Amino acid sequence: MTAPVIELRGLSKTYRLGQHVVPALQHVDLVVRPGEMLALTGPSGSGKSTLLNIAGLIDKPDAGEVVLRGRCVTHIGETAAALLRRDAIGFVFQSFNLVPVMTVADNVDYPLFLSGVPAAERRERVAAMLDAVGLADHARHRPDALSGGQRQRVAIARALVKRPTLVIADEPTASLDSHTAEQVLDLMREVGHAQGAAFLVATHDARLLRRCDRVVRLLDGRITHVDTEEEERHERALA
Ligand code: ADP
Ligand code: MG
């Protein structure tokens with residue numbers, strides 16, 4: 001067995017709004033291995049985003065541990081967390097979150113610029129990534145000139161260009177029509193698998209779930225179901 005990319009152990013998180021107490025996550029355990037695409041599903045409010053935010057080091061649990069590539073990162077400071085988010089974790093969101101005043105190429109280049117990658121290498125990697133997501137011809141366009149599916153492909157290129165070990169995608173296809181959604185997920189998987197990245201993807205969409213290696217279902221902040229059939233199929237595929 002390959003070493004996990006991320007291990008979540010006994011995660012709990014409670015939100016308090018005045019008198020109201022919301023147990024957003026309760027004792028959640030999860031392991032994601034290199035190259036694996038794990039889907040998180042469950043109704044709205046079941047804790048998917050809370051789990052992704054903790055796994056992506058955007059938020060902290062009240063209890064439990066986050067272990068990233070064998071290193072316990074639960075209690076690291078904000079600066080160390082920011083460096084890990086910058087260098088090791090790629091994010092894809094429902095709303096794309098592109099920078100509107102930057103070209104497509106500059107949006108994809110930005111994480112490499114922040115990481116201090118030399119300019120010549122950046123140009124090469126950005127060009128290769130835009131090619132991989134089928135947007136080489138749109139490098140100089142601004143995001144608002146693109147369709148939703150194209151924008152999400154830019155966001156995927158931006159998330160993967162830094163060759164992250166972990167990609168966190170929160171409802172990445174929720175703003176797309178179903179055909180585009182399937183294309184976008186397949187693309188993310190293809191490019192990500194080529195790099196050996198692990199994926200944690202929150203989605204409601206049954207057709208997307210079928211494209212993932214393993215499905216974990218959340219309800220009221222607890223894991224209620226792990227899709228073993230998918231798991232067996234994954235094992236067979238690896239054998
Ligand atoms: P999902 O992504 O599955 O829709 P969330 O993780 O966003 O679920 O939310 C889980 C629960 O935590 C919900 O009941 C939600 O209302 C609550 N919650 C999430 N974020 C906050 C917050 N910042 N403050 C208060 N409650 C929150
Ligand atoms: Mg959510």
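## Around M188

Skipping neighbours within four places in sequence, M188 is in contact with M37, V92, I156, L160, A169, P172, F199 and V201. Keep in mind that this is a predicted model.

## Two nonpolar cores

M188 also turns up in the largest nonpolar core, which has 40 residues. Along with V108, L130 and F199, M188 is among those with the most contacts inside this core. Who chips in? At least two residues of the core come from each of β3 (37-41), α3, α4, α5, β7 (166-170), α6 (178-195), β8 (198-202) and α7 (206-209). Another core, of 31 residues, lies apart from it, and L40, A55, A198 and L200 are among its members. As a general backdrop, nonpolar side chains tend to be buried together in soluble globular proteins.

## Helix α3, inside and out

Now for α3, which spans residues 104-114. Its buried residues are V104, A105, N107, V108, D109, P111 and L112, and they pack against α4 (119-132) and α5 (148-160).

What about the surface? Y110, F113 and L114 make a nonpolar surface patch of about 290 Å². F113 lies in α3 and is partly exposed, because its relative accessible area is 48%, between the 20% and 50% cut-offs. Just after the helix, G116 takes a positive phi of about 75°.

## A buried arginine

R214 sits in strand β9 (residues 214-219). Is R214 buried or exposed? R214 counts as buried, because its relative accessible area is 11%, and buried means under 20%. Its side chain has a polar partner too: the side chain of E36, in a polar contact at 2.8 Å.

Conventions. Residues numbered from 1 in each chain as written. Chains lettered and ligands numbered in written order. Predicted model: local features only at pLDDT ≥ 70, side-chain atom pairs only at ≥ 80, totals over all residues. Heavy atoms only, no water. Buried < 20%, exposed > 50% of the residue type's maximum accessible area, 1.4 Å probe, protein only. Helix = DSSP H or I, 4+ residues; strand = E, 2+ residues; numbered from the N terminus. Contact = heavy atoms within 4.5 Å. Patch = residues over 30% accessible without salt bridge, like charges linked within 9 Å, V, L, I, M, F, W, Y side chains within 5 Å. Areas by Shrake-Rupley, 256 points an atom, 1.4 Å probe, with all protein chains shown as cover. Salt bridge = Lys/Arg side-chain N within 4 Å of Asp/Glu carboxyl O. Polar contact = N/O pair within 3.5 Å; in protein donor to acceptor, adjacent residues only side chain to side chain. Core = buried A, V, L, I, M, F, W, Y, C linked by side-chain atoms within 4.5 Å.
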